[in-house]
Amino acid sequence: TRNMTLHILVVDDNPDDCSRIKRALRRKFPGLQVEHIAGAQDLAQALEANRFDLAITDYKLGWTDGLSVLRAIKSHKPDCPVVMFTGTGSEDVAIEAMKAGLDDYVRKSPRHSAHLVAAVRSALEEAGQHKSERESEARSFQKAQQRAVELQALYEISLCLNAQLEMSHVLRLIVEQAMDLLGVEAGGVYLYDSGRGDLVLAAAAGDLCEAMPATIKPGEGLTGKVFDSHRALVAEDSQAWAGLSLVSGFKSWLGVPLVRSDLVLGVLDVASKTRGFNDHAVWLAELFATQAAVSLENARLHEEVQMRARERAALHRAGQAVAATLDLDQVLQLVIAEVKNLVGAEGATVLLRDRDRGELYFAAAAGPGSEELLGLRLPGDAGVAGSVVRNARSVLVEDARRDPRFYDQIDA
C-alpha cells in the first residue's frame, strides 16, 4: 500500500485542514496526488474527469454539506470509497452517511490524523477486494453465459444430426458442425474398418480435404494414437506427428475419439491455422463427439434396417420368380439379377455341378462379359468355386488373383 500512487479528492473549506491531511497521507502513500475541492464547480469537474481513487470530505461546508458530497460521488462512482473527516458532525450524521454508502467516519483533530490514514488504507483495501470479487463474478458470469451458448449450440447440433439417418449426410454434418462449433478451418472423420484393421477417412472439409491420408493405422500419428488411447489429444506441432507432416499452415490439431458403448467407432480430427486448443476446447469437442457417436450409431442401425428390408424384398421377388416359371434358365437369371443389385456387385454368376462329368459349368451370368461365360466349364475342384463346392462353405475373397485357389483360365 505504501508504494501505491493515489489520486484523492479532499473536500474541505479549511486550507489548514487540507494541508494537514496531505502531510499525514503522503507519509504513508508516496507519490500521492491530492485535488482540493473548494466548491460545487470543482466537484462537478472532478466527477466529470473521473480520475480519483478515493474522496475525503468534511461534513460542514460553506457551499453544501458532506452528505450531499457523498451522494454525488456515489451516484457517479458507486464503488469509490469515501471517508468523512469532520469535527462538526454527530452520531446521527454518521449513521445517515453509513446508510448512504460512507466507508468510514473519523473525528477531525490533530491526534486523529493517524486514524484518518488507517481509515483511508482500510477503505482502499476493501474497495480493491470488492473490485476483485466483482471482476471474478463478472468472469464467472461470462463463462456461464459462454457455457450456456455452447450447450444451446450442442443441443441444436444434436437435433440437426439426429434428423439425418443417411450415413453420408451424417458424416458430412459432423465435420461441418464441429468446424463451426470450435471455430476451425479444417476437419475430418476417420471410421474404423475392423475387416481391414485401418482407420478410413469417411468425410473431410476445409483445407484438409486433399491432404488427409485415406487410411491410418491404429497407433499411427495423432489420429491413430487417439484411437488407441481412447482419449483426446492435442498436437501443437504437426511436424512431430506422423501423418501430419505433409500438411503445412496449421498451428494446432485436435483429435477426439468417437466412442459409443465403450467401443471406439473412429476419430474426429480438427485443425486450426490461428489458435491453439485449451482444456475448454477439448471439453467442448468431447461433448460434441459424444453426440456425433450417437448419430453415427443411429445411422448404422438405419443402414442395417434398410439392408434387411432390401434383402427381404429381394428374397420375396426371387421367390415369386421361382414360383412363376419352371424355366431354370429364366429363374437363375432373375435370381442373380436380384443378388447383384442387393450386394452392389458389378457381376454375378451361377455355376452348377455336372455330376456325370465331374465339372462345374456357368449356368447363368450377369454383368460385363457375362455372355462369354455362359456354358464354360472347369474342373469340379478348380478355382474358388471348386473350393466352395468341395467344402460346402461360403467364402469371401478380398483379392482373387492373390488367392492360392485362383484359376487363371476362368477367374481371370
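At what angle do helix α1 (residues 15-28) and helix α5 (residues 113-162) pack, and how far apart are their axes? The legends below take up this question and several others, view by view, for a model that is predicted.

**View 1. The packing of helix α1 against helix α5.** Two packed helices are described by the angle between their axes and the distance between the axes. Helix α1 and helix α5 pack at an angle of about 60 degrees, and their axes are 10 Å apart. Angles from 65 to 115 degrees would count as roughly perpendicular and those under 35 as roughly parallel, and α1 and α5 are therefore described as oblique to each other. The crossing in which α1 passes α5 is right-handed. On the side of α1 the contact is made by Arg20, Ile21, Ala24, Leu25 and Lys28, while α5 contributes Ser113, Leu116, Val117, Val120 and Arg121. Sorted by character, the residues of this contact between α1 and α5 comprise six nonpolar, one polar and three charged.

**View 2. The packing of helix α3 against helix α4.** Helix α3 (residues 66-76) and helix α4 (residues 91-99) pack with their axes 10 Å apart, at an angle of about 5 degrees. For this reason α3 and α4 are roughly parallel to each other. Leu67, Leu70 and Arg71 of α3 meet Val93, Glu96 and Ala97 of α4, and the residues of this contact divide into four nonpolar, no polar and two charged.

**View 3. The packing of helix α5 against helix α6, with a closer look at alanine 153 and valine 170.** The axes of α5 and α6 come within 10 Å of each other and cross at roughly 165 degrees, which makes α5 roughly antiparallel to α6. The crossing in which α5 passes α6 is right-handed. From α5, the residues Ala153, Leu154, Ile157, Cys160 and Leu161 meet Val170, Leu173, Ile174, Gln177 and Leu181 from α6, and the residues of this contact divide into nine nonpolar, one polar and no charged. Alanine 153, which is found in helix α5, has a relative accessibility of 23% and so counts as partly exposed. Valine 170, which is found in helix α6, is buried, with a relative accessible area of 0%. When its neighbours within four places in sequence are left aside, valine 170 is in contact with Leu161, Gln164, Leu165, Ser295, Leu296 and Ala299.

**View 4. Two separate nonpolar cores, and the contacts of leucine 254.** In soluble globular proteins, nonpolar side chains tend to be buried together. The largest nonpolar core of this model has 35 residues, and those with the most contacts inside it are Ile174, Leu254, Leu258, Phe288 and Leu296. At least two residues of this core are supplied by each of α5, α6 (167-182), β7 (198-206), β10 (252-260), β11 (263-272) and α8 (279-324). A second core, separate from the largest one, has 21 residues, and Leu47, Leu70, Met84 and Tyr105 are among them. If its neighbours within four places in sequence are left aside, leucine 254 is in contact with Leu222, Ala232, Leu233, Val234, Leu268, Asp269, Val270, Phe277, Ala281, Val282 and Ala285.

**View 5. Histidine 302 in helix α8.** Is histidine 302 buried or exposed? Its relative accessibility is 19%, and because buried means under 20%, histidine 302 counts as buried. Apart from its neighbours within four places in sequence, histidine 302 is in contact with Leu165 and Glu166.

**View 6. Two residues with a positive phi, aspartate 262 and alanine 392.** Most residues other than glycine have a negative phi. In aspartate 262, however, phi is near 65 degrees, a positive value in a residue other than glycine. Aspartate 262 has its place in the loop between β10 and β11, where this residue is exposed, with a relative accessible area of 70%. In alanine 392, phi is near 55 degrees, again a positive value in a residue other than glycine. Alanine 392 has its place in the segment after α11 (383-391), and this residue is exposed, with a relative accessible area of 68%.

**View 7. Two separations along the chain and in space.** Alanine 153 and alanine 366 are 213 residues apart along the chain, and their C-alpha atoms are separated by 51 Å. Valine 170 and leucine 43 are 127 residues apart in sequence and, from C-alpha to C-alpha, 66 Å apart in space.

Methods. Residues numbered from 1 in each chain as written. Predicted model: local features only at pLDDT ≥ 70, side-chain atom pairs only at ≥ 80, totals over all residues. Heavy atoms only, no water. Axes fitted to C-alpha atoms, helices over the stretch in contact; angles between N-to-C directions. Helix = DSSP H or I, 4+ residues; strand = E, 2+ residues; numbered from the N terminus. Parallel < 35°, antiparallel > 145°, perpendicular 65-115°, else oblique. Left-handed = near helix turned anticlockwise from the far one by under 90°. Contact = heavy atoms within 4.5 Å. Nonpolar A, V, L, I, M, F, W, Y, C, P; charged D, E, K, R; others polar. Core = buried A, V, L, I, M, F, W, Y, C linked by side-chain atoms within 4.5 Å. Buried < 20%, exposed > 50% of the residue type's maximum accessible area, 1.4 Å probe, protein only.
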